[in-house]
Amino acid sequence: MHIEAGIVHGAKMVLSYGTAAVSFGIAAKLAVENIKQSGAIAMFVKTFIATILVFMFFEVFPHHPVGVSEVHLILGSTLFLIFGVAPTAFGLAFGLLIQGLFFAPFDLPQYSINVTTLLMPLFAMSYVALKIIPKNIAYKDIKYTDALKLSLMYQGGIVSWVAFWALYGQGFAVENLTSVVSFGIAYMSVVILEPFIDLAVLAGAKTLNSLKSSSYVEARLYNSAK
């Protein structure tokens, strides 16, 4: 999802600064709510762990340039189910920033674009999760179909944002459209794999009953919604 340098440039970058600001504003609001529920220390710990994992997903896991961007196994829905939306949002933002600062400085000019592409689908997915997962079901007990819906929402959102930035920056020329389509097809293959990873991680969570009352994981992981 790291959009290629130069796809959006010049005055057009102003829009990405605005969308990134909105993304951080939403994340900050959710963080305040999370701190009220579980405390500042728990929020910090969950964010810290999520940041380390996101950095690994970006820098250590296999990633390949395809079309206008790169295909990554981000596991946004997995992080959301384990840590919740606010820690995941800041984990994605900080993990992306650390990678840019120390390993991929050529991505820093596109940070506002890439952070928007990561966070906006996450917020949409968290809203969908409230609608599709029954309140009496803990996240550890969700079925493959629900995990697939969350993955489709998140990965589909990433593809949509990448397509938007590419078309906004470079227009509707055939070459650009081809690059967008090739990226979309390659990236959506992640949707097939991610729900299985979600269920595997959740299955592991079921064996760790000691975390049931822990504030260092998402409360909904082990409990039904209040």
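Here is a chat about a predicted model, going from its core out to its surface.

Colleague: Let's start inside. How many residues does the largest nonpolar core have?
Modeller: Ile74 and Leu118 are the residues with the most contacts inside this core. Helices H1, H2, H3, H4, H5, H6 and H7 each supply at least two residues of it. As for the size of this largest nonpolar core, the count is 62 residues.

Colleague: Which helix gives the most to this core?
Modeller: Seven helices each supply at least two residues, among them H1 (13-38) and H7 (174-206). The top giver supplies 10 residues, and that helix is H5.

Colleague: Okay, so how many of the 22 residues of H5 are buried?
Modeller: H5 runs over residues 111-132 and reaches 32 Å from its first C-alpha to its last, close to the 32 Å expected at 1.5 Å a residue. To count as buried, a residue must have under 20% relative accessible area. H5 is largely enclosed by the rest of the structure, because the number of its buried residues is 17.

Colleague: Which residues does Leu118 touch, if we skip those up to four places away in sequence?
Modeller: Remember that Leu118 and Ile74 have the most contacts inside the largest core. Ile74 turns up again here, as one of the residues that Leu118 touches. The full list is Met1, Phe58, Ile74, Leu92, Leu96, Tyr154 and Ile158.

Colleague: Now Val162: buried or exposed?
Modeller: Val162 is found in helix H6. Leaving aside neighbours within four places in sequence, Val162 is in contact with Met1, Ile3, Val68, Ser69, Thr117 and Phe183. Its relative accessible area is 1%, and the cut-off is under 20%. So Val162 is buried.

Colleague: How far is Val162 from Ser126, going by C-alpha atoms?
Modeller: Along the chain, Val162 and Ser126 are 36 residues apart. In space, their C-alpha atoms are separated by 20 Å.

Colleague: Let's head to the surface. What is the accessible area of the nonpolar patch there?
Modeller: Phe44, Phe48, Ile49, Ile52, Met56 and Val60 form this patch. Take Ile52, which sits in helix H2 (residues 40-59): at 38% relative accessibility, Ile52 counts as partly exposed. Together, the patch residues have an accessible area of about 570 Å².

Colleague: Now some charges. Which residue forms a salt bridge with Glu33, and where do the two sit?
Modeller: The closest N and O atoms of the pair are 2.7 Å apart. Both residues are in helix H1, and being 4 residues apart there separates them by about one helical turn. Glu33 is partly exposed at 34% relative accessibility, while its partner is exposed at 53%. That partner in helix H1 is Lys29.

Colleague: Which residues are linked in a network of salt bridges?
Modeller: The side chains of Lys140 and Asp141 meet in a salt bridge, at 3.1 Å from N to O. Asp141 also forms a salt bridge with Lys206, with the closest N and O atoms 3.8 Å apart. The linked residues are therefore Lys140, Asp141 and Lys206.

Colleague: How many residues apart in sequence are the parts that Asp141 and Lys206 tie together?
Modeller: Asp141 is partly exposed at 36% relative accessibility, and Lys206 is partly exposed at 41%. Asp141 lies in the loop between H5 and H6, and Lys206 lies in helix H7, so the pair ties together parts whose separation in sequence is 65 residues.

Note on methods. Residues are numbered from 1 along each chain as its sequence is written. This is a predicted model: local features need pLDDT of at least 70, side-chain atom pairs count only at pLDDT 80 or more; totals for chains, interfaces and linings use all residues. Side-chain values use heavy atoms; hydrogens and water are left out. The expected span of a helix is 1.5 Å times one less than its number of residues. Buried means under 20% relative accessible area, exposed over 50%, partly exposed in between (1.4 Å probe, protein chains only). Patches are made of residues with over 30% relative accessible area and no salt bridge: like charges are joined within 9 Å, nonpolar side chains (Val, Leu, Ile, Met, Phe, Trp, Tyr) within 5 Å. Accessible areas come from the Shrake-Rupley method with a 1.4 Å probe; for residues, only the protein chains shown count as cover. A salt bridge is a side-chain nitrogen of Lys or Arg within 4 Å of a carboxyl oxygen of Asp or Glu. A nonpolar core is a set of buried Ala, Val, Leu, Ile, Met, Phe, Trp, Tyr and Cys residues joined through side-chain atoms within 4.5 Å. Contact means heavy atoms within 4.5 Å.
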